[in-house]
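Dear colleague,

I am passing on a structure that I would like you to look over when you have time. Please open it first, and then read the notes that follow.

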Amino acid sequence: MSDDKIPVTVLTGYLGAGKTTLLNRILTEEHGKRYAVVVNEFGEVGIDNDLVVGADEEVFEMNNGCICCTVRGDLIRIMDGLMKRKGKFDAIIVETTGLADPAPVAQTFFVDQDVSENARLDAVVTVADAKWLSERLKDAPEAKNQIAFADVILLNKADLVSPDELAEVERRIRAINPYAKLHTTERCAVSLDAVLGRNAFDLERILEIEPDFLEEGHHHHHDEEMQSVSVTLDGEVDPNKFMPWISNYTQVEGPNILRCKGIVAFPNEPRRFVFQGVHMILDGDVQGEWKPDEPRRSRVVFIGRDLKPDEIRQGFLACAA
């Protein structure tokens, strides 16, 4: 995960939640950065590029409709084109259609060698509609996937609901995904630092949200269907045990694992091994040295459906060095 890779933010959220509003904020604010934008809308009509403002940004349109079916070929083609123009922009934003499951988009950044060598997934940002999300969670599995997948969630249109309703929607979101950074917004008004350049796969971010995250006996309310499982090991793991275990486990249980991520300490390795995964696809690298006074603690997080917490816990703890 070297620093010369171009960071990519995947922007998702159900129809009408406010993704284009957020995109326009990103493109029009004075931040001195240049973004290449990949947009994709469901249906025959391409996006109205007038909706996406910002003269300096490059907008690339994926014109084959739904991003979830044939996304990879199209996205890889666009990414390859962008890589030939490296240096012309600082980061890439991929806006998915409101009906898309973000998984295939996120997977593209691991699966294709050229793409993964040149770009890294910085964060999945989901815009949720405070007024309608509870309804969508009942009838639209994609809405639930988008919440479960997110590293950052904007709970938008907060001004359209009562404080009680807002608290209830937040509770629903937290039951699906306890780990994402959650911002309550109106018209997607949020500092861009909260959305871009998050390097969200560094689990240190989780400690920003929940300082007691590593305490034993720390429990979350779970959605009936989505779960999250985290396991912490006070010490190092043996890479010769850990690598086969994590790759085998994600192969077997991959369909149920929406996201997994972790930071682990290997013996005699001054840097942390950071990994992330989408379903069966994993990516990991050493990055960032452990600080001298920092406990070399290893931890993994899984978010998905029908997870087996005991199996995950026993499997990971068995990798201790």
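**Salt bridges, a sheet and a pocket**

Glu-253 is buried, with a relative accessible area of 9%. Before going further, please keep in mind that this is a predicted model, and that whatever follows should be read with that in view.

Glu-253 is a convenient place to begin, since Lys-308 forms a salt bridge with this residue, the closest N and O atoms being 2.8 Å apart. The pair joins distant parts of the chain, for Lys-308 sits in the loop between β12 (298-305) and α10 (309-317), whereas Glu-253 belongs to helix α9 (residues 239-253), and the two are 55 residues apart. Their surroundings can be set side by side: Lys-308 counts as partly exposed at 36% relative accessibility, while Glu-253 is buried.

How many salt bridges does the model have in total? The count comes to 14, and a few others deserve a description. Arg-272 forms a salt bridge with Glu-294, with 3.0 Å between the closest N and O atoms. This pair, too, links distant parts of the chain, Arg-272 lying in strand β10 (residues 271-278) and Glu-294 in the loop between β11 (281-289) and β12, 22 residues apart. Both Arg-272 and Glu-294 are buried.

Glu-168 and Arg-171 offer a local case, their side chains meeting in a salt bridge with an N to O distance of 2.9 Å. Because the two residues are three apart in helix α7 (residues 163-176), about one helical turn separates Glu-168 from Arg-171. Glu-168 is partly exposed, with a relative accessible area of 35%, and Arg-171 is likewise classed as partly exposed, at 43%. Finally, Asp-151, Arg-259 and Lys-261 are linked to one another in a network of salt bridges.

Strand β10, which carries Arg-272, leads on to the sheet. The strands in question form an open sheet of five, in the order β8-β12-β9-β10-β11, with antiparallel pairing. Its edge strands are β8 (226-233) and β11, each of which pairs on one side only, and the twist from one strand to the next averages 10 degrees. Within this sheet β10 is mostly covered, seven of its eight residues being buried.

On one side, β10 is joined by six bridges to strand β9 (residues 257-264), the two running antiparallel, and here Cys-260 has Gly-277 of β10 as its bridge partner. The hairpin of β9 and β10 has six residues between the strands, and in this hairpin Asn-268 takes a positive phi near 60 degrees.

β10 also pairs with β11, again in the antiparallel sense, over eight bridges. In this pairing Arg-272 has Gln-287 of β11 as its bridge partner, and Phe-273 stands opposite Val-286 in β11. The hairpin of β10 and β11 has two residues between the strands, and His-279 takes a positive phi near 55 degrees there.

Which other residues have a positive phi although they are not glycine? One of them is Lys-157, with phi near 65 degrees, placed in the loop between β6 (152-156) and α7 and partly exposed, with a relative accessible area of 24%. Another is Arg-187, with phi near 50 degrees, which is found in the loop between β7 (181-184) and α8 (204-209) and counts as exposed at 56% relative accessibility.

I also looked at the second largest pocket, which has a volume of about 220 Å³. Its lining consists of 13 residues, among which Lys-33, Tyr-35, Ala-91, Leu-196 and Gly-197 lie nearest the centre of the pocket. Strands β1 (6-13) and β5 (119-129) each supply at least two residues of this lining, which divides by class into five nonpolar, three polar and five charged residues.

One last contact may be worth a look on your screen. Lys-19, in helix α1 (residues 19-28), is 107 residues away from Thr-126 in sequence, yet their C-alpha atoms are 8.2 Å apart in space. Lys-19 is buried, with a relative accessible area of 6%, under the 20% cut-off.

With best wishes

Notes. Residues are numbered from 1 along each chain as its sequence is written. This is a predicted model: local features need pLDDT of at least 70, side-chain atom pairs count only at pLDDT 80 or more; totals for chains, interfaces and linings use all residues. Side-chain values use heavy atoms; hydrogens and water are left out. A salt bridge is a side-chain nitrogen of Lys or Arg within 4 Å of a carboxyl oxygen of Asp or Glu. Helices (H or I, at least four residues) and strands (E, at least two) are DSSP runs, numbered from the N terminus. Buried means under 20% relative accessible area, exposed over 50%, partly exposed in between (1.4 Å probe, protein chains only). On a 1 Å grid over the protein atoms alone, a cavity is a set of points where a 1.4 Å probe fits but cannot get out, and a pocket is an open set with protein on both sides within 12 Å along at least five of seven lines; lining residues have an atom within 4 Å of a point. Grid points are joined across faces, edges and corners, and a volume is the space filled by probe spheres set on the points. Ala, Val, Leu, Ile, Met, Phe, Trp, Tyr, Cys and Pro count as nonpolar, Asp, Glu, Lys and Arg as charged, and the others, Gly among them, as polar. Two strands pair if DSSP finds at least two bridges between them. Axes are lines fitted to C-alpha atoms, for helices over the stretch in contact, and angles run from 0 to 180 degrees between N-to-C directions.
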